[in-house]
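Please read the following note with the sequence and the structure side by side. Each numbered point takes up one topic.

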Amino acid sequence: MTAVAGALHIRPAVEGDIAAMVAIERASFSDPWTATAIASTLRYDHMRVLVAEERGGAGDVGGDGASRPLGYVVAMIAGPEAEIADLAVSPHARRRGIGRALIDRLLGDLEVEGVTAVFLEVRESNRAARTLYESRAFRSIGRRRGYYRLPPEDALLLKRELGPS
């Protein structure tokens, strides 16, 4: 795995990121979120949406010096708990630590906000994602039968405790 370049920057998503997020979503999932669904996450106070971009590197797709999102994470906060609802990294930028960096930043932000537990669902067959989440101390606590539609598949329910152990 190549280390994440020093130019990786993680920041809150803005409306100008939606098109890139939709492209990453479509390249990543068989049942992708729509642009409308992604846009709606930016409007609610209980949602946290972060994007990772690389300045002066792979993110400068157009060569114009402008950065483009290479990945993003979406989380919903409900009291002392949160759920990671979506995480994706552009296929050309995978295996460089971007997903890990997004999760680590999100978990740090959520802990500062007083969140004590974070949940997520992951396809049982998605070994790469499961390995990533397990490396960030998420543990399997259950299964959601038939959770995914295209193709139909069970989801594993994972949980990560935050705060002092």
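1. How many aromatic pairs does the structure hold? The model, which is a predicted one, holds 2 aromatic pairs. In one of them, Tyr133 and Phe138 meet edge-to-face, with 5.8 Å from centre to centre and 65 degrees between the planes. Both Tyr133 and Phe138 are buried.

2. Tyr147 and Tyr148 also form a pair: their ring centres are 5.0 Å apart and their planes stand at 85 degrees, so this pair is edge-to-face. An angle over 60 degrees is what earns that description. Are these two residues buried or partly exposed? Tyr147 has a relative accessibility of 39% and therefore counts as partly exposed. Tyr148 has a relative accessible area of 19% and is buried, because the cut-off for buried is under 20%.

3. Tyr133 and Phe138 should also be viewed as part of the largest nonpolar core, which has 29 residues. Along with Ile98, Leu102, Leu110 and Val118, Tyr133 and Phe138 touch the most other members of this core. The elements that each supply at least two of its residues include strand 1 (8-12), strand 2 (47-54), strand 3 (69-78) and strand 7 (153-161). Helix 3 gives the most to this core, with 6 residues. There is also a second, separate core of 13 residues, with Ile38, Val49, Val51 and Tyr72 among them.

4. Glu25 deserves a separate look. This residue is found in helix 1, which covers residues 18-28. With a relative accessibility of 1%, Glu25 counts as buried, since buried means under 20%. Apart from neighbours within four places in sequence, Glu25 is in contact with Pro32, Trp33, Ile38, Tyr72 and Asp86. Two of these, Ile38 and Tyr72, are included in the second core. Glu25 and Gly71 are 46 residues apart in sequence, yet their C-alpha atoms are 9.1 Å apart in space.

5. The last topic is the largest pocket, which holds about 1,200 Å³ of space. Its lining has 38 residues, and the closest to the pocket centre are Phe29, Leu87, Asn126, Ala129 and Tyr133. Helix 1, helix 3 (98-112), strand 5 (117-123), helix 4 (127-135) and strand 6 (139-148) are among the elements that give two or more residues to the lining. Which element gives the most to the lining of the largest pocket? That element is strand 4, with 7 residues. By residue class, the lining divides into 19 nonpolar, 8 polar and 11 charged residues.

Notes. Residues numbered from 1 in each chain as written. Predicted model: local features only at pLDDT ≥ 70, side-chain atom pairs only at ≥ 80, totals over all residues. Heavy atoms only, no water. Helix = DSSP H or I, 4+ residues; strand = E, 2+ residues; numbered from the N terminus. Buried < 20%, exposed > 50% of the residue type's maximum accessible area, 1.4 Å probe, protein only. Contact = heavy atoms within 4.5 Å. 1 Å grid on protein atoms, 1.4 Å probe; cavity = no way out; pocket = protein on both sides within 12 Å on 5 of 7 lines; lining within 4 Å. Points joined across faces, edges and corners; volume = space filled by probe spheres on them. Nonpolar A, V, L, I, M, F, W, Y, C, P; charged D, E, K, R; others polar. Phe/Tyr/Trp six-rings, centres within 6.5 Å; stacked < 30°, edge-to-face > 60°. Core = buried A, V, L, I, M, F, W, Y, C linked by side-chain atoms within 4.5 Å.
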